[in-house]
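Let's take a walk through a protein together, one stop at a time. Keep the picture open beside you and look for each spot as we reach it.

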Amino acid sequence: MQLTKAQRERVESLLSQMTLEEKIGQMNLESPSIVGGFDVSFEELIEMVNDGRIPQEEFVKIMSTATRDFHEDDIRAGRVGAMMGDDPVKANELQKIAVEESRLGIPLMMGFDVIHGFRTVYPIAIAEAGSFEPDLFRRTASMAAKESRAHGVCWNFAPMVDVARDARWGRVSEGPGEDPYLASCFARAKIDGLQGDTSSKENYVAACLKHYVAYGACESGRDYNTTSMANSLLYNAYLPPFKAAVEEGAATVMASFNDLNGVPCTLNRFTLREILKQCWRFPGFVVSDANAIRECVVHGIAGDEPTAGVMAAQAGMDMDMGTEIYLNNLKQAVEDGRLDGAYIDEAVRRILSVKMWLGLFDNPYVPQTQIAANEVIPQSNLALALEAAEKSIVLLKNDDRVLPLDRSKKISLVGTLANKPEEVIGAWAMSWKPSDCVTILQGLKNSGAAVEYFPCGGPDAPVNEEEIAAAAAYGDVIVAVVGETVSMTGEASSKADISMPGEQREMLKKLLATGKPVVALLMNGRPMALDWEAEHLGTMVECWHLGIQMGNAVARVLLGDAAPQGRLASTFPRMTGQCPLYYNHPNTGRPGSKSKFTSRYLDAGFTELFPFGYGLSYTQFRYDGLCVADKGDYLAVSVGLTNTGERAGTETVQLYMQDVVGSIVRPVKELKGFEKVTLKAGESREVSLRLNKADMGFYNDRGEYLLEDGTFRIYAGGNSRDCLMQEITVNF
Ligand code: NOJ
């Protein structure tokens, strides 16, 4: 986020003309309140849609009939700096008030939750991360930026880059998984996609990096719960994606709800002021999460709301989302001497700088021609949504090579998830239309396959034996779509049991008993505990929630028009009780093994079901000849890769390392690089990867980055478990 000298001067000039009230107004993010029968804020309402308390159709009904208060008078009086919403017509109306009727004409920032697409919804982040393709992460974000901007939204509350290692947490769906390296690649590419193309105002938005920080480490995977950890863990695992995104130029950051080591992140001076603003020199602004300043009183860190407001402002929180605590209290606090006015100036300078960079002062409106063009999704968007969906699908098991399906075979498609447009979307998508969604049933029909649909049961529907009998009678193969509804993941959707919900396991048992081959397609937003399923089903495909092109993508992969190439960005446990379970854990003195007095469970052992980085394809790959050479500043790693099967395929070659002896205990493996390689049947290639020595260190508890000489194990392979290994001594 670079401003020209003239832009910086314009910001300073505005600041010098502003009253204290107008400055505090800029620090206020409002959302339209729903007035009348349904007395909640817009913001609360969208959370209710997301957590499943009200269905999407009900939301649309409420929005079309409810009277909404858009705070026009407050905007006119300069008491609003930013507004939530996704309607371009309303955005223009409100912007006109801000620009033409407020004293200084400062435009509003319109913000919205555009997490994995606006109208063109693409795969949820945990799925897309599994494509291991930074350029894809960038392109989907760029598409979302353009669509958002065309709808008046210039501020996307994304990317969510919380490292998440506990599959019970519902929000694992929204982020790039358990690994700091992959999450950092994801974070950088998303910022580039959202913000990078500044050639025209229509092409970019301000990203909002969230949730800062350690939200994904909430205790026992329960949303909003406390987090506590050593600083070294914070620096090594949870901060890296945020740091990477700040280095890439992220314009704004959203603080998380959780407390970290006893201090809520909303008013955490250490994380906000010391790390983010001082150490990383973050030039943008920080916004609280919804209602979070008020919740600091509930946390028990501030005695009342005015004090919470003062503490947050002092800690470096620049904008208040949704409580009006800044609006109603900061002026008095400055006048009483409880808050130094310099904090306010700093916050407003940051906010105005982002608005200036967004070009809002010169070009605040969405053109009418654009609003009309929004009616139709461009073909190029559909193609990208399809590509992203295809590349996110993970083949987990294909024991009898049932896949790809033979086109001449009749398919009985089973499971209520297969035929519900709203289930392809995934948590935290708000601006989609049911008519755009391609279900798995629709996708198979589009492909021309011989398919009949038999609901038979689902996560919230009982088993129907008659339909199972009918499915068995029709199909040569049964394709069973099982998993979680969208409302079982996302915010406020943590679960204490992440095995197959409802009667779906019973349904699978009965389907298997028919004797027909059963292909299980999983639709879910978190790693699930599928020990039983993996033992009994020969064919399993992880399809996640893939967005509006889901059905077409799944059909293409099932029928072999596209080969599966996704990998898991999160470890799958065998049983829920193993959570948190992640591949890059510190070593213990008694690593899990077959013998009893080691780090293991009596009833679940010590291994995962599917490891991080795992995924099969329709062909097989062999690795050989791992070679690691010290080249001074870097290690040159090469490994032979051969496609030993009969079809072309794409492999994700993964590079891991272990620092064998460190001054603090190091992870058993850490991802340090990857490369996707496509090989024809029988083809071999030597794959070269580079590991910079500067990236082989770690942080201690004081936040110092250390490079310690010694022995390192270098691994290369197709997932975090099955690798070749070579040891090397490294001096820095
Ligand atoms: C709450 C969520 O935690 C956050 O991700 C979202 O951006 C805000 N609300 C705004 O809707």
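Before we set off, keep in mind that this is a predicted model. Our first stop is the ligand. How many residues surround the ligand? There are 15 of them, and the closest are Asp113, Arg171, Lys210, His211 and Asp289. Now look at how some of these meet the ligand. Asp113 has a polar side-chain atom sitting 2.4 Å from one of the ligand's oxygen atoms. Asp289 also offers a polar side-chain atom, this time 2.5 Å from a ligand oxygen. For His211, the distance from a polar side-chain atom to an oxygen of the ligand is 2.7 Å.

Next, find Asn258. You'll see it in the loop that runs between strands β8 (252-255) and β9 (259-260). Is Asn258 buried or exposed? Its relative accessibility is 0%, so Asn258 counts as buried. What does its side chain do in there? It makes a polar contact with the side chain of Ser256, at 2.6 Å. The side chain of Asn258 also reaches the backbone oxygen of Val213, at 3.2 Å. If you skip residues up to four places away in sequence, Asn258 still touches a whole list of others, including Ala214, Tyr215, Asn225, Thr227, Cys265 and His299.

Let's move to another loop, the one between β6 (155-156) and α9, where Gly175 is found. Gly175 is buried, because its relative accessible area is 2% and the cut-off for buried is under 20%. Leaving out neighbours within four places in sequence, Gly175 is in contact with Ala125, Ile126 and Met160. Try tracing the chain from Gly175 to Ile115 as well: the two are 60 residues apart in sequence, yet the distance in space is 9.3 Å from C-alpha to C-alpha.

You can play the same game with Leu382, which belongs to helix α18 (residues 379-392). Leu382 and Gln549 are separated by 167 residues in sequence, but their C-alpha atoms are 7.1 Å apart. Once neighbours within four places are set aside, the contacts of Leu382 are Ile377, Ile548 and Gln549.

Now let's look at the empty spaces. The largest pocket holds about 930 Å³ of space. Which residues lie nearest its centre? They are Pro180, Asn236, Pro240, Glu670 and Lys672, out of 37 residues that line this pocket. Several elements each give at least two residues to that lining: α9 (180-195), α10 (231-238), α11 (240-247), β22 (670-679), β23 (684-692) and β24 (698-699). Sorted by class, the lining of the largest pocket has 21 nonpolar, 10 charged and six polar residues.

There are enclosed spaces too. How many cavities of 30 Å³ or more are there? The count comes to four. About 120 Å³ of space lies in the largest cavity. This cavity is lined by 16 residues, with Gly152, Lys201, Pro364, Tyr365 and Val366 closest to its centre. Helix α6 (residues 88-101) gives the most to the lining of the largest cavity, with three residues. By class, the lining of this cavity has nine nonpolar, four polar and three charged residues.

Key
Residues numbered from 1 in each chain as written. Predicted model: local features only at pLDDT ≥ 70, side-chain atom pairs only at ≥ 80, totals over all residues. Heavy atoms only, no water. Helix = DSSP H or I, 4+ residues; strand = E, 2+ residues; numbered from the N terminus. Buried < 20%, exposed > 50% of the residue type's maximum accessible area, 1.4 Å probe, protein only. Polar contact = N/O pair within 3.5 Å; in protein donor to acceptor, adjacent residues only side chain to side chain. Contact = heavy atoms within 4.5 Å. 1 Å grid on protein atoms, 1.4 Å probe; cavity = no way out; pocket = protein on both sides within 12 Å on 5 of 7 lines; lining within 4 Å. Points joined across faces, edges and corners; volume = space filled by probe spheres on them. Nonpolar A, V, L, I, M, F, W, Y, C, P; charged D, E, K, R; others polar. Near = heavy atom within 4 Å.
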